[in-house]
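Reader: Could you walk me through this one? I would like to begin with the sheet and then jump around a bit.

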Amino acid sequence: MQRLFGRRPLRDGAALIALELPLIAEDGGNVAMSVEVKSPMTPQSHVRAIYVLSDRNPRPLNATFLLTPGSGQAYVATSLRLADTGDVRAVAEMQDGSLFMVTRSVRVVVAGCAI
Amino acid sequence: MSPIGEVKVRVSGSPARGSVARARALLIHPNERVERKDGKPVDRNYRFVNRVVVSYAGRDIAEFDTSTSIGENPSFGFAFRVTEPGTLKVTFFDTHGGRFEGAVEVKPA
C-alpha cells in the first residue's frame, strides 16, 4: 500500500464504493468481483482509477482500471484469483487525486494456487 | 477447448443515446499463473494478459492493467456512455506480444 500510494491519505470510501465479492469463495482460482463507485463521471468530477488489491496474494496489486468520463459510470467487474482467505481492497482515485478505500474479507476454500 | 485468442464482447440490453450501458468482454486465454518452487517464483516468461484497452467510436475510454491474479479466460465488465453509433472495441495484450481484438457495433435506439 505504501509503495503504491506513498503517504497520501486514504479516506474511508464506504459511502462511495460498492465492492461486490462473495463472502466465501469455493474456488480461489475464479472469484467474481465487481466495483462500482458513485460518481457523476463528468470531466470535472470523475474516478480516474480503481485499484484492486488482495492482501494475501504474493503480488497484492491484482489490477488497475483506468477510467475516463467516457466510461459514464465508474463500474468494473472481473474474476480474481485469490491465494488465501484474507482482505480484498478496492481503492478509487478521483480526478483531484484524493483516494478512497473499502475492504472486504473473503474466505477462500480452495486456493487459487500460487498466483 | 476454444483456441487462445477468441474475444467476445457483449453489450447488455439495447441502450438509448445518452444513457450509460454496461458491457462485458471475454477472452479465451490461459492467463498463466506464476509457478512457485520452495516458496520462490520460478523465473520464466509467463503468458498472461497485462493490458486491456477499451475504445468506443474511435476514442479510448478505459484501460486496465492486469496481472496473473485475474482468472483463466479473463472477463471484464465495464460501463460506457452511449453517445453515437460506433464500434465498441476491446483489445487484450499479453506478455508474449499477443494482441486479441473483439468488437461490437453499438446502434443507439
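Author: Bearing in mind that this is a predicted model, a good place to start is an open sheet of 6 strands, which run in the order β2(A)-β4(A)-β7(A)-β7(B)-β2(B)-β1(B) with antiparallel pairing.

Reader: Which are the edge strands there?

Author: The edges are β2 of chain A and β1 (7-11) of chain B, each of which pairs on one side only. From one strand to the next, the twist averages 15 degrees.

Reader: And what holds strands of a sheet together, generally?

Author: Strands of a sheet pair through backbone hydrogen bonds, in either a parallel or an antiparallel arrangement.

Reader: OK, take the chain A end. How many bridges are there between β2 and β4(A)?

Author: Strand β2 of chain A, residues 17-20, pairs with β4(A) over 4 bridges in the antiparallel sense. Within that pairing, Leu19(A) has Val35(A) of β4(A) as its bridge partner.

Reader: What about β4(A) and β7 of chain A, how many bridges join those?

Author: Those two strands are joined by 7 bridges and run antiparallel, with β7 of chain A covering residues 74-80. As one example from this pairing, Val31(A) stands opposite Leu80(A) in β7(A).

Reader: Is β4(A) mostly covered or mostly open?

Author: Strand β4 of chain A, which spans residues 31-37, is mostly covered, since 5 of its 7 residues count as buried.

Reader: Now the other end of the sheet, please. How do β1(B) and β2(B) pair?

Author: They pair in the antiparallel sense over 5 bridges, and in that pairing Arg10(B) stands opposite Arg24(B) of β2(B).

Reader: Changing topic to the interface: how many residues of each chain are in contact with the other?

Author: On the chain B side 27 residues are in contact with chain A, and on the chain A side 28 residues take part. The elements of chain B that give two or more residues to its side are β2 (20-27), β6 (59-66) and β7 (75-81).

Reader: How do the chain B residues on that side divide into nonpolar, polar and charged?

Author: The side of chain B that touches chain A has 12 nonpolar residues, 7 polar ones and 8 charged ones.

Reader: You listed β6 of chain B. Which strand of chain A is joined to it?

Author: Strand β6 of chain A, residues 61-67, is joined to β6(B) by 5 bridges, and the two run antiparallel. Here Leu67(A) has Ala62(B) as its bridge partner in β6(B).

Reader: Which residues of the largest nonpolar core touch the most other members?

Author: That core has 51 residues, and those touching the most other members are Val35(A), Ile50(A), Val52(A), Ala90(A), Phe78(B) and Phe80(B). The element that gives the most to the core is strand β5 of chain A (residues 47-54), with 5 residues. Val35(A) also came up earlier, as the bridge partner of Leu19(A).

Reader: What is Phe78(B) in contact with, leaving aside its sequence neighbours?

Author: If neighbours within four places in sequence are left aside, Phe78(B) is in contact with Ser71(A), Tyr75(A) and Val76(A), and also with Ala23(B), Val54(B) and Ala62(B).

Reader: Jumping to a loop now: where does Ala14(A) sit, and is it buried or exposed?

Author: Ala14(A) lies in the loop between β1 (10-12) and β2 of chain A. The residue is exposed because 12 other C-beta atoms lie within 10 Å, and 12 or fewer is the cut-off for that label. Ala14(A) and Leu66(A), which are 52 residues apart in sequence, are 21 Å apart in space from C-alpha to C-alpha.

Reader: Last topic, the chains as wholes. How many helices and strands are there in chain A?

Author: Chain A has 1 helix and 9 strands. Its radius of gyration is 14 Å, close to the 13 Å that the globule rule gives for 115 residues, so chain A is as compact as a globular protein of that length. Its C-alpha atoms fill a box of roughly 45 × 30 × 20 Å along the principal axes, and buried residues make up 44% of its 115 residues.

Reader: And how many helices and strands does chain B have?

Author: Chain B has 0 helices and 9 strands. The box filled by its C-alpha atoms is roughly 55 × 25 × 20 Å along the principal axes, and buried residues make up 31% of the 109 residues in chain B. Among contacts in chain B between residues at least 6 apart in sequence, 61% join residues at least 24 apart.

Technical notes: Residues numbered from 1 in each chain as written. Chains lettered and ligands numbered in written order. Predicted model: local features only at pLDDT ≥ 70, side-chain atom pairs only at ≥ 80, totals over all residues. Buried ≥ 20, exposed ≤ 12 C-beta atoms within 10 Å, placed from the backbone. Pairing = 2+ DSSP bridges. Contact = placed C-beta atoms within 7 Å. Nonpolar A, V, L, I, M, F, W, Y, C, P; charged D, E, K, R; others polar. Core = buried A, V, L, I, M, F, W, Y, C linked by C-beta atoms within 7 Å. Axes fitted to C-alpha atoms, helices over the stretch in contact; angles between N-to-C directions. Rg over C-alpha atoms; globule rule 2.2 N^0.38 Å.
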